[in-house]
Amino acid sequence: PTLSGTITQSNGLRSEYVANLRADNTVEHMEMSRQGTQGPAALMSIDFVDTLVKASVTGGPQPVNLTLRTSMKPLPFLIQSFALAEQIVKASHPTAGQTVRWTAIRLGAGDTASLSVARVHADSVVISVPQGDLRMAVNQAGEVLGAAFAPQQWVIERSKVAAQP
């Protein structure tokens, strides 16, 4: 299965991604483009293997290939993507009172950070990252029903899409 998303921000930044998912809901491979208001788009191709990340980035003066070893299993993280956050919750599937730790590959910042997922109540999960806590209401399947990110004053609510005739 795949997960795709397009994020357009008010500052003119546009990000598009397609992530190939494993059966355990972790990301195996991701293709992403980030386009600012000027210059060429940055294109990223990223593989997530156990505790290894391999990435190829083009769009600058020279293509860059990176290999990064991590102490914990890595997952892609983009604070603006609640769809990726939902995959992190599904991959973590914490039980009540449990905290699951990952290495976040921060796609917007181009670095890594510690990320934890805690089930604080039967219908509530908190993803903690250096920028703050992403608080989410979830159902039993791990689907995000709504979320809030206080540092940016973001609030989201999942809505149903009407079927097309």
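**View 1. R135 and A148 face each other across two paired strands.** In this predicted model, R135 stands opposite A148 in β12. Strand β11 (residues 132-138) is joined to strand β12 (residues 144-149) by five bridges, and the two run antiparallel. Strands here are DSSP runs of E with at least two residues, helices are runs of H or I with at least four, and both are numbered from the N terminus; two strands pair if DSSP finds at least two bridges between them. Residue numbers start from 1 along each chain as its sequence is written. Because the model is predicted, local features need pLDDT of at least 70 and side-chain atom pairs count only at pLDDT 80 or more, while totals for chains, interfaces and linings use all residues, and side-chain values use heavy atoms, leaving out hydrogens and water.

**View 2. Seven strands line up in an open sheet.** Follow the strands across and you will read the order β7-β8-β9-β10-β11-β12-β13, with mixed pairing. At the edges sit β7 (74-77) and β13 (154-157), each of which pairs on one side only. From one strand to the next, the twist averages 25°. Helix α1 (residues 82-92) packs on this sheet, where it touches β7, β8 (99-106), β9 (111-121), β10 (124-129), β11, β12 and β13. The direction of α1 makes about 75° with that of β11. Contact means heavy atoms within 4.5 Å, and angles, from 0 to 180 degrees, are taken between N-to-C directions of axes fitted to C-alpha atoms, for helices over the stretch in contact.

**View 3. Two hairpins follow one another, from β9 to β10 and from β10 to β11****.** A hairpin through two residues joins β9 to β10. These strands, β9 and β10, pair in the antiparallel sense over five bridges. Look for S116, which stands opposite S128 in β10. Moving along, β10 and β11 form a hairpin with two residues between them, and their antiparallel pairing runs over six bridges. Here S124 has A137 in β11 as its bridge partner.

**View 4. A118 is a buried residue of strand β9****.** You will find A118 in strand β9. Why is A118 called buried? Its relative accessible area is 16%, and buried means under 20%, exposed over 50% and partly exposed in between (1.4 Å probe, protein chains only). Leaving aside neighbours within four places in sequence, A118 is in contact with P94, Q98, T99, S124, V125 and V126. A118 and Q153 are 35 residues apart in sequence, and their C-alpha atoms are 21 Å apart in space.

**View 5. Two loop residues, D50 and Q153, have positive phi angles****.** D50 is found in the loop between β4 (42-49) and β5 (52-58). Its phi is near 50°, a positive value in a residue other than glycine. At 55% relative accessibility, D50 counts as exposed. Q153 lies in the loop between β12 and β13. Although Q153 is not a glycine, it has a positive phi of about 60°. With a relative accessible area of 72%, Q153 is exposed too.

**View 6. The structure encloses one cavity of 30 Å³ or more****.** Its volume is about 40 Å³. A cavity is a set of points on a 1 Å grid over the protein atoms alone where a 1.4 Å probe fits but cannot get out, and lining residues have an atom within 4 Å of a point. Which residues line the largest cavity? They are N25, T26, V27, L75, P76, L84, Q87, I88 and A91. Both β7 and α1 supply at least two residues of this lining, and α1 gives the most, with four residues. By class, the lining has six nonpolar, three polar and no charged residues. Nonpolar covers Ala, Val, Leu, Ile, Met, Phe, Trp, Tyr, Cys and Pro, charged covers Asp, Glu, Lys and Arg, and the others, Gly among them, are polar.

**View 7. The largest pocket holds about 300 Å³ of space****.** A pocket is an open set of points with protein on both sides within 12 Å along at least five of seven lines; a volume is the space filled by probe spheres set on the points, which are joined across faces, edges and corners. The pocket is lined by 14 residues, and nearest its centre lie A55, V57, L66, I105 and G110. The elements giving two or more residues to this lining are β4, β5, β6 (64-69), β8 and β9. By class, 10 of the lining residues are nonpolar, two polar and two charged.
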